[in-house]
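Dear colleague,

I am passing on the structure below, as agreed, together with an account of what was found in it. Please read the text with the structure open beside it.

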Amino acid sequence: MFKRISKVVLITVFALGIISFSNIQVDASTNKVMWGKTALKQGQIGKVTILADTNLVKIGSNGSLNKVRTLKKGEEYRVYTYKGTNGGLYGLGASSYVQKGAQVKYETPSKSKLALLNKEVIGDLTPKAGMKLEYSPSFTENTQKEFTTNTSYDSVYDITRASLIYKGNSIDGFTYIELKDRLVFGVSHTDWILLDIAYPLTEGKQTKEYYPVGDNGEAFYKVNVESTTSTIKVKAGTFDNVVVVRIQNGDTYYLAPGIGIIKLVDKNGTLKAELLSFK
């Protein structure tokens, strides 16, 4: 089930020990990417949150602003265009606008959210700092174990790391490494890797699974990303937007955003890990 990897940077990171990405909500059945109270849509450039009651307006033939109705405090609206006239106007569709100012807050979507519109995942598959994750089986043993997550960030290599620590012993556990273009999971303080795949992960397409060649080289297999929007039920609960990847040796990994691996099944259908609880 394990592979060896000799890349110096990855060995170094495993031997030593995340800053996690923002949580993203997705309706798995429709690929609806939720952003606050609204679903992100193609062509959307941002959203406005109404901080105080303000007018929804249309532009008259003489350039004046004509009130359509009142937008209430706390409401959120998609923004599709922006005009620099009249002090700035956010276009909400149907030739309607809200004026830029202290009564509204404008935001743009993250790259991760935009990627999910195309069923593509580019990060957020590691657990957050301070989480307690209980597994049975627990990857390498047919036992029940609770791990505490310790996270860190290496600015030199632009690496986020999340270590699963068992009973306060950093040596006894596992480590996630998340780079801009790669996700790795293996046994802490060793060079044994269970999972080493490339981002982005796009539903229905293939990605790279890396394996070592010689002392410092590596090659890759092409493996299938079966889903990025699955709803999966395990003993810990039901998770949406689960990434399902079947690697070369037949193992299937189920990874939930902000949690990491929630289930691992080998090629024979034997359960190798299942998340029992998290907090």
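A residue is called buried here when its relative accessible area is under 20%, exposed when that area is over 50%, and partly exposed in between. By that definition both Asp196 and Arg182 are buried, and these two residues are a convenient place to start. Please bear in mind throughout that this is a predicted model.

Asp196 and Arg182 form a salt bridge in which the closest N and O atoms are 2.7 Å apart. The pair links distant parts of the chain, since Asp196 belongs to strand S19 (residues 192–198) and Arg182 to strand S18 (residues 182–187), with the two positions 14 residues apart in the numbering. Arg182 counts as buried because its relative accessibility, 9%, falls under the 20% limit.

Arg182 also meets the side chain of Glu218 in a salt bridge, at 2.9 Å from N to O. Here too distant parts of the chain are linked, with Glu218 lying in strand S22 (residues 217–234) and Arg182 in strand S18, 36 residues apart. Is Glu218 buried or partly exposed? At 29% relative accessibility, Glu218 counts as partly exposed, because that value lies between the limits of 20% and 50%.

A further acidic residue to look at in relation to Arg182 is Glu209, which has its place in strand S21 (residues 206–213). Glu209 and Arg182 are 27 residues apart in sequence, and their C-alpha atoms are 9.5 Å apart in space. Glu209 is buried, with a relative accessible area of 2%, and a polar atom of its side chain lies 2.9 Å from the backbone nitrogen of Gln248.

Elsewhere in the chain, the side chains of Lys145 and Glu141 meet in a salt bridge, with a distance of 3.4 Å from N to O. The two partners fall into separate classes of accessibility, as Lys145 is buried, with a relative accessible area of 10%, whereas Glu141 is partly exposed, with a relative accessible area of 35%. These two residues belong to a network of salt bridges that links Glu141, Lys145 and Asp172. How many salt bridges does the structure hold? The count is nine, and the pairs described above are among them.

As for the secondary structure, the chain has two helices and 26 strands. Five of the strands form an open sheet in the order S7-S6-S11-S10-S9, and their pairing is antiparallel. The edges of this sheet are strand S7 (65–71) and strand S9 (81–83), each of which pairs on one side only, and the twist from one strand to the next averages 35 degrees. Within the sheet, strand S6 (residues 54–59) pairs with S7 in the antiparallel sense over six bridges, and Asn55 stands opposite Thr70 in S7.

Finally, some totals for the chain may be useful when you set up your own calculations. Of the 279 residues in the chain, 48% are buried. The accessible surface of the chain comes to about 13300 Å², and carbon and sulfur atoms account for 49% of that surface.

With kind regards

Key
Residues numbered from 1 in each chain as written. Predicted model: local features only at pLDDT ≥ 70, side-chain atom pairs only at ≥ 80, totals over all residues. Heavy atoms only, no water. Salt bridge = Lys/Arg side-chain N within 4 Å of Asp/Glu carboxyl O. Buried < 20%, exposed > 50% of the residue type's maximum accessible area, 1.4 Å probe, protein only. Helix = DSSP H or I, 4+ residues; strand = E, 2+ residues; numbered from the N terminus. Areas by Shrake-Rupley, 256 points an atom, 1.4 Å probe, with all protein chains shown as cover. Polar contact = N/O pair within 3.5 Å; in protein donor to acceptor, adjacent residues only side chain to side chain. Pairing = 2+ DSSP bridges. Axes fitted to C-alpha atoms, helices over the stretch in contact; angles between N-to-C directions.
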